[in-house]
Structure formats: structure tokens, C-alpha cells
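Grab your viewer and work through these short exercises. Each one comes with a solution to check yourself against.

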Amino acid sequence: MLAVSNTSPVSNLASIGRLDLLKSQFPVIWIPTGVAGELAAHPDPAAAMDIQAAIREQWIRTATPGDSRLLNVLLLDLHRGEAEAIALASEMSADMVLIDEREGRQIAIKAGLSVTGVPGVLLRAKKMGAIDAVKPEILSLRRRARFFLSASLEARVLASAGELDNDE
């Protein structure tokens with residue numbers, strides 16, 4: 001499965017020591033050069049080391065988007081990393097683009113790309129048996145990576161995982 005990622009999924013999962021969840025789902029993840037630069041500046045030394053190890057092992061690989069017209073249009077509405085990820089995913093005909101931010105996801109979907117983010121990665125990990133529960137991972141993301149997930153989206157994710165209590 002050909003996947004391209006924005007900064008957020010790699011950064012957030014590295015922050016909680018769970019890059020393995022990406023590796024188990026995507027044999028290779030491509031990141032654009034702008035995302036590589038953002039990841040190189042990760043503030044958590046342990047997370048930065050894990051990201052650099054994944055790049056050295058070449059299951060995270062870097063590429064430069066070539067279609068400057070598409071990239072320039074995307075940059076009108078998105079941050080560089082998101083715009084480059086969508087442009088690269090379009091050029092590579094990626095099976096999946098990993099983006100967490102709402103606006104980037106919406107634009108990627110309009111561009112005809114399949115999109116997932118950290119919550120989708122967690123749900124897939126539970127279905128694959130890589131994790132026992134999604135909720136502890138979300139709590140870790142919130143605490144250690146300052147990951148924001150709206151209450152409504154969190155409820156939908158936990159319901160999909162079969163982890164939503166009736167009194168929640």
C-alpha cells in the first residue's frame with residue numbers, strides 16, 4: 001500500500017513511542033521534503049531519534065513533489081507540509097494520505113485521495129491486534145503529544161473500536 005504522510009501522524013505517534021503502528025500498516029511511508037524538515041526539528045529527543053531511525057531503515061522515505069502548479073494552489077489554503085503531502089500523494093497515485101488536520105483532509109478528499117489520520121491508524125491497529133485498546137493510546141497522545149481530538153470525533157472513534165461506555 002503506497003502511503004504519503006504529513007507531519008502530524010508521524011510526529012504524534014513518535015511522541016508516544018508508537019511508530020511501530022505505522023510500520024505495521026504501511027511497509028513504506030513517503031514524506032515530502034517539507035515534512036522531513038519539520039520532523040527533523042521534533043522537540044522530543046527520543047521521538048526525533050525514532051523518526052531518524054525509521055528514515056535510516058528506509059521505511060520512511062523522502063521525495064520532493066514535482067508539480068509546482070498544484071503545490072502553489074494548495075499553498076493558498078494549507079501549511080507547506082500538508083500541501084506537499086497532498087501534492088506528492090497525487091503525483092504518486094498514493095493509496096492513502098495520512099493527515100490529521102481537518103482542512104487538509106477535506107482538500108485531500110476533494111482531490112480524490114483516500115485519507116486517514118492517527119485515529120484511523122489506531123482503529124486499524126486494534127483490528128489487526130497490534131493494540132488491545134484505542135482509548136489508552138488517545139489518552140497518551142493527548143498527554144504526551146498534546147494531540148487534539150474533538151469530543152465528538154473521539155466518541156465516534158471509541159464507538160468504532162467498541163470501547164464507548166453506555167454512560168459516556
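Contact here means heavy atoms within 4.5 Å. Keep in mind that this is a predicted model.

**Exercise 1.** Which residues does Phe26 touch, leaving out those up to four places away in sequence?

*Solution.* Start at the low numbers: Phe26 touches Met1 and Ala3. Moving along the chain, add Trp59, Met96 and Leu98. Finish with Val121 and Arg124.

**Exercise 2.** Find the largest nonpolar core: which of its residues touch the most other members?

*Solution.* The core has 36 residues, and the top spots go to Leu22, Phe26, Leu122 and Val134. Next, look at where the members come from: helix α8, residues 118–128, supplies the largest share, with five residues. Then look for a separate core, which has 20 residues, including Trp30, Ala85, Ile86 and Val97.

**Exercise 3.** Why does the radius of gyration agree with a compact globule?

*Solution.* First take the chain length, 168 residues. A compact globule with that many residues would come out near 15 Å, and the protein chain has 15 Å, so the two agree. For the box around the C-alpha atoms, expect roughly 50 × 35 × 25 Å along the principal axes. As for burial, 51% of the residues count as buried.

**Exercise 4.** How many positive and negative side chains does the protein chain have, and how far apart are the centres of the two sets?

*Solution.* Count 18 positive and 21 negative side chains. Now compare the centres of the two sets: they lie 1 Å apart.

Conventions:
Residues numbered from 1 in each chain as written. Predicted model: local features only at pLDDT ≥ 70, side-chain atom pairs only at ≥ 80, totals over all residues. Heavy atoms only, no water. Rg over C-alpha atoms; globule rule 2.2 N^0.38 Å. Buried < 20%, exposed > 50% of the residue type's maximum accessible area, 1.4 Å probe, protein only. Lys, Arg positive; Asp, Glu negative; His and termini not counted. Charge placed at Lys NZ, Arg CZ, Asp CG, Glu CD. Core = buried A, V, L, I, M, F, W, Y, C linked by side-chain atoms within 4.5 Å. Helix = DSSP H or I, 4+ residues; strand = E, 2+ residues; numbered from the N terminus.
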